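Here is a short set of exercises to work through with the model open beside you. Try each task before reading its solution.

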Amino acid sequence: MLLGPGIVACVALVAVLATLDPADCRPALPQGPGVTLDETFNIQMGAFFTEAARTYGVGLLSPVSLHEVFSTPGYNPDHPPLARLWLGIFHDLVQWMAPPANVANGPAGPLATVTVSARAGSAVAFALTVFLVGGFTARGHGSFAGTAAAASLVMMPRVFGHAHLAALETVTGLFWTASILVTAHLWSRRSFPSDRVAAFTGLLIGLTFLCKMQAVLLPPLLTVWAFWNWRLFAFRPLVIAGLMTGVVFIVGWPWLWLDFPKHFVDYFSSATNRTELHCWYL
């Protein structure tokens, strides 16, 4: 049942990985899109997190070490850390497994980065999203429907194109999709969700919050859907899910600890205050 979506996801992964290169680092492969403005910050912060992990090791879990990492002038708190950490992990993994040609593999500094290597993180996140959509569709409607759903997602030009960038949106989309599909699967309409299921839902939504601000749209959607199906019985699981979301978000972003609740308020009050960049998607 999952074979079709799995094949589509693998094809999507190969298709994106083959067209990531913006600077002739992989001469044998087709040219990828040029480097965007946000990629620079995202890759640098991803490399910053992985370098901190190598430097401190297990000691990074110490509150003192976390304070040193997240209070340094080199840290940029404009976005939560999870999506950037994802890109940083894949950047280092690709640099270790298959460093691009014409790029020195030795570190030129603590934040030396290669765009095409970090972009692999978005490619993997996109392929996993495709598999999730196809897999959950196949469970409910059969293998053909699952394969068609997965293929339909791959053939969306903007989504497929954005998966080529070391941006936060594709990773956020993975956790967003997981939150929606897992919640729809586990919250049975025959009875209101158990406390354990509600807590797991909150965990997934909390991880989405740790990717990017767009996660704020998830709780209202879940709330309306839950009250529509279970009326007042939805109140308890929604409270549990909400509390778990808050705990995961705060615990997972140590920068918030340094001056809480000021940093918490600053983030949610300024996260939409961005420079407008008009893009032509063709």
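The exercises below go through helices, backbone angles, a surface patch, cysteines and one chosen residue.

Before starting, note that this is a predicted model, in which local features need pLDDT of at least 70 and side-chain atom pairs count only at pLDDT 80 or more, while totals for chains, interfaces and linings use all residues. Residues are numbered from 1 along each chain as its sequence is written, and side-chain values use heavy atoms, with hydrogens and water left out.

**Exercise 1. Compare the span of helix 2 with its expected value, then find its buried residues and their cover.**

Step 1: Helices are DSSP runs (H or I, at least four residues), numbered from the N terminus. The expected span is 1.5 Å times one less than the number of residues. Helix 2 has 20 residues, so 28 Å should be spanned, and the 30 Å between its end C-alpha atoms agrees.

Step 2: Buried means under 20% relative accessible area, exposed over 50%, and partly exposed in between (1.4 Å probe, protein chains only). Among the buried residues of helix 2 are Glu39, Asn42, Phe48 and Phe49.

Step 3: Their cover includes helix 3 (63-71), helix 4 (82-97), helix 5 (115-141) and helix 8 (168-186).

Step 4: Look just past the end of helix 2, where Gly57 has a positive phi of about 60 degrees.

**Exercise 2. Repeat the analysis for helix 4.**

Step 1: The 16 residues of helix 4 reach 22 Å from first to last C-alpha, close to the expected 22 Å.

Step 2: Buried residues here include Arg84, Trp86, His91 and Asp92.

Step 3: The buried residues of helix 4 pack against helix 2, helix 5, helix 8 and helix 9 (195-209).

**Exercise 3. Locate two non-glycine residues with positive phi and a cis peptide bond.**

Step 1: Asp24 has phi near 60 degrees and sits in the loop between helix 1 (3-17) and helix 2 (37-56). Asp24 counts as partly exposed because its relative accessibility is 46%.

Step 2: Arg231, with phi of about 55 degrees, belongs to the loop between helix 10 (218-230) and helix 11 (235-252). At 53% relative accessibility, Arg231 is exposed.

Step 3: The bond from Phe260 to Pro261 is cis, with omega near 10 degrees. Pro261 lies in the loop between helix 12 (255-258) and helix 13 (262-270).

**Exercise 4. Which residues form a nonpolar patch on the surface with about 290 Å² of accessible area?**

Step 1: Such a patch joins nonpolar side chains (Val, Leu, Ile, Met, Phe, Trp, Tyr) within 5 Å, from residues with over 30% relative accessible area and no salt bridge.

Step 2: The members are Met1, Leu2 and Phe131. Leu2 comes in the segment before helix 1 and is partly exposed at 42%.

**Exercise 5. How many disulfides does a search of the whole structure find?**

Step 1: The criterion is a pair of cysteine sulfur atoms within 2.5 Å.

Step 2: The search finds zero. Cys25 is buried at 10% relative accessibility, and Cys211 is buried at 0%.

**Exercise 6. Describe the surroundings of Ile205.**

Step 1: Ile205 is part of helix 9 and is buried, at 4% relative accessibility.

Step 2: Contact means heavy atoms within 4.5 Å. Leaving aside neighbours within four places in sequence, Ile205 is in contact with Ser179, Leu218, Leu222 and Thr245.

Step 3: Ala215 is ten residues from Ile205 in sequence, and their C-alpha atoms are 7.2 Å apart.

Definitions and conventions. Helices (H or I, at least four residues) and strands (E, at least two) are DSSP runs, numbered from the N terminus. Patches are made of residues with over 30% relative accessible area and no salt bridge: like charges are joined within 9 Å, nonpolar side chains (Val, Leu, Ile, Met, Phe, Trp, Tyr) within 5 Å. Accessible areas come from the Shrake-Rupley method with a 1.4 Å probe; for residues, only the protein chains shown count as cover. A salt bridge is a side-chain nitrogen of Lys or Arg within 4 Å of a carboxyl oxygen of Asp or Glu.
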